[in-house]
Amino acid sequence: MLTSCSNAIVLTVNGEDHMLVVEPNELLVNVLRNELGLTGAKYGCGTGQCGACTVLIDGQPVLSCITLAVAVDGKEITTIEGIEGPNGELDPIQEEFLNENAVQCGFCTPGMILVARDLLRRNPHPTETEIRHHIKGNICRCTGYNGIVRAIQKAAARQGEPQSDGTADGEKEVSR
Amino acid sequence: MTDTRYMRPGSLDEALEMMGEHWPGAKLLAGGTDLIPLFRAARYSGDSGSADLGLQGGCKCGDCRIEPFPDVLVDVGGLDEIKGIRRSDGFLEVGAATVMADIAADPLLNETVPILAEAARSIGNPLVRNRATIGGNLATAAPCADTAPPLLVLDAIVQLASPEGRRELPVADYFLEYRTTSLRETEMITGLRVPIPPERWAGGFEKVRLRKSGAISVASVAVMLELDGATCLNARVSLGSVAPIPLRAAAVEKALEGRRIDAGVARECSRLVQQHISPIDDLRGSAEYRRWVTEAVVARTILKAVGIEGTD
């Protein structure tokens with residue numbers, strides 16, 4: 001419903017521009033799911049604690065359940081639906097999630113994969129500690145995380161030669 | 001449907017103008033990691049006749065006020081003017097809209113005031129840190145704001161601006177009482193000036209939490225000591241989550257000065273922390289536990305600053 005408070009915004013979602021009219025208090029996750037039919041990002045806790053709603057905004061992982069849609073007007077948003085190749089082929093991270101059985105119920109998976117993508121873009125050959133540190137904002141209640149960590153390691157290995165340094169400080173933040 | 005109006009100023013001056021024009025109905029928004037859940041909790045708290053979804057309490061602190069969406073939201077999260085970290089004379093200037101991820105990773109900040117970087121790293125989770133700002137951490141004025149203890153022992157200065165002008169305030173004068181600050185009507189935090197400690201100063205930060213990530217502190221401690229070898233010339237000790245506001249522990253500081261620090265001295269001085277704190281029982285811990293753990297962690301953080309670890 002259009003009100004005096006509604007805002008016209010443009011979101012570039014997975015490379016496609018969408019002109020939308022949204023209420024100022026509308027959450028990004030609801031716009032993606034209800035307006036655009038992109039149900040990959042999940043509404044989990046609704047308070048920014050579980051990571052199921054993770055999307056990339058200008059390449060950076062953000063919690064779409066505590067982000068207002070109006071606040072990301074003009075930004076580039078990538079959801080799990082947007083990471084497949086030009087002919088629909090899976091991203092290497094997605095393939096390794098399947099190979100390593102890193103998916104059980106699947107509710108955390110879109111967020112996990114997007115966060116992994118962000119990590120591998122900034123740090124192509126992370127240590128196990130760095131991987132575990134980076135996925136701390138994404139909660140998985142099924143797998144116990146080991147398959148997820150292995151899948152990210154395998155996907156990293158596919159990117160080329162890993163560095164030999166296994167001593168990096170896991171608590172270190174990777175600069176952006 | 002909502003009556004809230006969303007505004008995105010293009011400059012700090014414009015933001016101040018909006019605040020002046022729409023006060024008291026206007027509220028600043030930056031990362032929104034605290035405010036959005038808080039606003040939404042109010043929507044579901046039953047006051048509008050809607051179902052009670054059990055979200056009362058809003059803020060993850062568990063003891064905060066519930067706030068409805070305001071009439072006007074002024075989004076300053078994207079203002080470049082109040083973003084970034086730079087060195088200026090003997091100070092590090094940190095813009096209010098600088099996100100925790102940048103504070104945690106900044107090489108200059110890690111080199112000059114590592115306890116602030118460590119506190120930023122301890123906040124929320126990596127996704128929250130991509131949005132949460134240091135200005136927001138102070139503006140919501142939670143007793144558990146993790147950047148407050150390091151800023152207190154670093155003698156940081158809060159930079160404020162309103163349509164009437166600018167002013168600066170020591171961070172120690174910023175927190176007044178529970179969730180109450182020195183911020184005047186229409187005033188906003190624009191940044192922090194953090195004095196870069198001289199060579200002889202060393203620090204430590206410790207946060208007691210129930211899990212490694214996404215955890216609000218049970219107690220947090222920051223320490224800065226001026227050392228001549230192991231002798232403490234000057235001491236600053238501060239605490240979070242154990243009183244209505246983050247605060248300094250003057251008695252501990254005084255007791256440390258002039259002492260040669262070892263495990264026994266640290267333990268002895270840390271006992272004096274009890275007179276400064278008034279912890280509460282909540283989901284994260286009992287008041288009794290907080291008293292016990294604060295004393296132990298003050299001692300540990302003092303030793304950490306001196307470079308003695310794991311002996312206590």
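**Strands, a helix and an interface**

In strand β4 (residues 60-63) of chain A, Gln60(A) and Val62(A) point one way, while Pro61(A) and Leu63(A) point the other way, and all of them are buried. The model described here is a predicted one.

Strand β4(A) has a partner in strand β3 (residues 54-57) of chain A: four bridges join the two, and they run antiparallel. Within this pairing, Leu56(A) has Pro61(A) as its bridge partner. Pro61(A) is thus named twice, as a bridge partner and as one of the buried residues of β4(A). The two strands form a hairpin with two residues between them, and Asp58(A) there has a positive phi near 50°.

Strand β3(A) is also one of the elements that the buried residues of helix α1(A) pack against; the others are β1 (7-13), β2 (16-22) and β5 (76-78) of chain A. Which residues of this helix, α1 (residues 28-35) of chain A, are buried? They are Leu28(A), Val29(A), Val31(A) and Leu32(A). These residues lie on the same side of α1(A) because the arc they cover around the axis is only 170°. An α-helix has 3.6 residues a turn, so residues three or four places apart point the same way. The other side of α1(A) carries Asn34(A) and Glu35(A), which are exposed. Just after the helix comes Gly37(A), with a positive phi of about 70°.

Chain B has a hairpin too. Its strands are β4 (residues 85-88) and β5 (residues 91-95) of chain B, antiparallel and joined by four bridges. Arg87(B) is found opposite Leu92(B) of β5(B). Two residues separate β4(B) from β5(B), and Asp89(B) in the turn has a positive phi of about 50°. Strand β5(B) pairs further with strand β10 (residues 188-195) of chain B, again in the antiparallel sense, through five bridges. In that pairing Phe91(B) stands opposite Pro195(B).

The remaining topic is how the two chains meet. The size of an interface is often given as the accessible area lost when the parts come together. For chain B and chain A the buried area is about 2,900 Å², and carbon and sulfur atoms give 59% of it. On the side of chain B that touches chain A, the elements giving two or more residues are β1 (5-7), α2 (35-43), β3 (72-75), α3 (100-105) and α6 (126-129) of chain B. In total, 34 residues from chain B and 38 residues from chain A take part in the contact. Between the chains there are zero salt bridges, whereas five residue pairs are in polar contact across the interface, both residues of each pair being at pLDDT 80 or more.

Methods. Residues numbered from 1 in each chain as written. Chains lettered and ligands numbered in written order. Predicted model: local features only at pLDDT ≥ 70, side-chain atom pairs only at ≥ 80, totals over all residues. Heavy atoms only, no water. Pairing = 2+ DSSP bridges. Buried < 20%, exposed > 50% of the residue type's maximum accessible area, 1.4 Å probe, protein only. Arc of directions from axis to C-beta. Contact = heavy atoms within 4.5 Å. Buried area = accessible area lost by both parts, 1.4 Å probe. Salt bridge = Lys/Arg side-chain N within 4 Å of Asp/Glu carboxyl O. Polar contact = N/O pair within 3.5 Å; in protein donor to acceptor, adjacent residues only side chain to side chain.
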